[in-house]
Amino acid sequence: MPKIEVDEGRCKACELCIVACPHKVIGLAKHFSPSGFHPACMANAEACTGCMLCAFVCPDVAIEVYK
Ligand code: SF4
Ligand code: SF4
């Protein structure tokens, strides 16, 4: 099953990946990252297709996609 991993130290919670994901997989976590942001996370993990759009749009290179 495809999945993403977010480097919480890099994520600035800009939400670009949330908008880009065609399957509404990504949300913002409730907890704070070390940098003080609510980092992106898989809110709807089973819908991920591994298309990598989220990783392409992230300006902080915070997302890795695993297939
Ligand atoms: S890999 Fe594709 S489907 Fe999965 S979270 Fe990223 S944009 Fe969404
Ligand atoms: S696009 Fe990158 S920096 Fe922006 S919320 Fe998503 S993971 Fe975080």
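The shell around ligand 2 consists of 11 nonpolar and three charged residues, with no polar residue. In this predicted model, 14 residues surround ligand 2, and those that come nearest are Cys-11, Cys-14, Cys-17, Ala-40 and Cys-58. Ligand 1 has a shell of another make-up: 12 nonpolar residues, three polar ones and no charged one. Of the 15 residues around ligand 1, the nearest are Cys-21, Val-25, Cys-48, Cys-51 and Cys-54.

**Overall fold**

The chain contains two helices and four strands, and read from the N terminus the order of these elements is β-α-β-β-α-β. The radius of gyration is 11 Å, close to the 11 Å given by the globule rule for 67 residues, so the chain is as compact as a globular protein of that length. Along the principal axes, the C-alpha atoms occupy a box of roughly 30 × 20 × 20 Å. Buried residues make up 22% of the 67 residues. Among contacts with a separation of 6 or more, 64% join residues 24 or more positions apart.

**The nonpolar core**

The largest nonpolar core comprises 14 residues, and Val-6, Cys-17, Ile-26, Ala-40, Cys-54 and Ile-63 have the most contacts inside it. Cys-17 and Ala-40 are also among the residues nearest to ligand 2, while Cys-54 is among those nearest to ligand 1. Beyond four places in sequence, Cys-54 touches Ile-4, Cys-17, Ala-20, Cys-21, Ile-26 and Ile-63.

**Strand S1 and Val-6**

Val-6 belongs to strand S1, which spans residues 3–6. In a regular strand, side chains alternate between the two faces of the sheet. In S1, Ile-4 and Val-6 form the covered face, whereas Lys-3 and Glu-5 form the uncovered one. Strands S1 and S4 run antiparallel and are joined by four bridges, with Val-6 standing opposite Ile-63 of S4.

What places Val-6 in the buried class? Val-6 has 21 other C-beta atoms within 10 Å, and the class requires 20 or more. Apart from neighbours within four places in sequence, Val-6 is in contact with Cys-11, Pro-39, Ala-40, Cys-41, Ala-62 and Ile-63. Cys-11 and Ala-40 appear again among the residues nearest to ligand 2. Val-6 and Cys-41 are 35 residues apart in sequence, yet their C-alpha atoms are 6.6 Å apart.

**Helix H1 and Leu-16**

Leu-16 lies in helix H1, residues 16–20. Leu-16 is partly exposed, with 17 other C-beta atoms within 10 Å. With neighbours within four places set aside, its contacts are Val-57, Cys-58 and Pro-59. Of these, Cys-58 is one of the residues nearest to ligand 2.

**Loop residues**

Two residues other than glycine have positive phi values: Ala-13, near 60°, and Val-61, at about 50°. Ala-13 is in the loop between S1 and H1, whereas Val-61 is in the loop between helix H2 (53–57) and strand S4 (63–66). Is each of these residues buried or exposed? Ala-13 has 20 C-beta neighbours inside 10 Å and therefore counts as buried; Val-61 has 9 and therefore counts as exposed.

Asn-44 occupies the loop between strand S3 (40–42) and H2. Asn-44 is exposed, with 12 C-beta neighbours inside 10 Å; the exposed class extends to residues with 12 or fewer. Outside its neighbours within four places in sequence, Asn-44 is in contact with Lys-24 and Val-25. Val-25 is itself among the residues nearest to ligand 1.

**Pairs separated in sequence**

The table sets out sequence separations and C-alpha to C-alpha distances for residues discussed above.

| Pair | Separation in sequence | C-alpha to C-alpha distance |
|---|---|---|
| Val-6 and Cys-41 | 35 residues | 6.6 Å |
| Leu-16 and Ala-55 | 39 residues | 9.9 Å |
| Asn-44 and Val-25 | 19 residues | 4.5 Å |

Methods. Residues numbered from 1 in each chain as written. Chains lettered and ligands numbered in written order. Predicted model: local features only at pLDDT ≥ 70, side-chain atom pairs only at ≥ 80, totals over all residues. Core = buried A, V, L, I, M, F, W, Y, C linked by C-beta atoms within 7 Å. Contact = placed C-beta atoms within 7 Å. Near = placed C-beta within 6 Å. Nonpolar A, V, L, I, M, F, W, Y, C, P; charged D, E, K, R; others polar. Rg over C-alpha atoms; globule rule 2.2 N^0.38 Å. Pairing = 2+ DSSP bridges.
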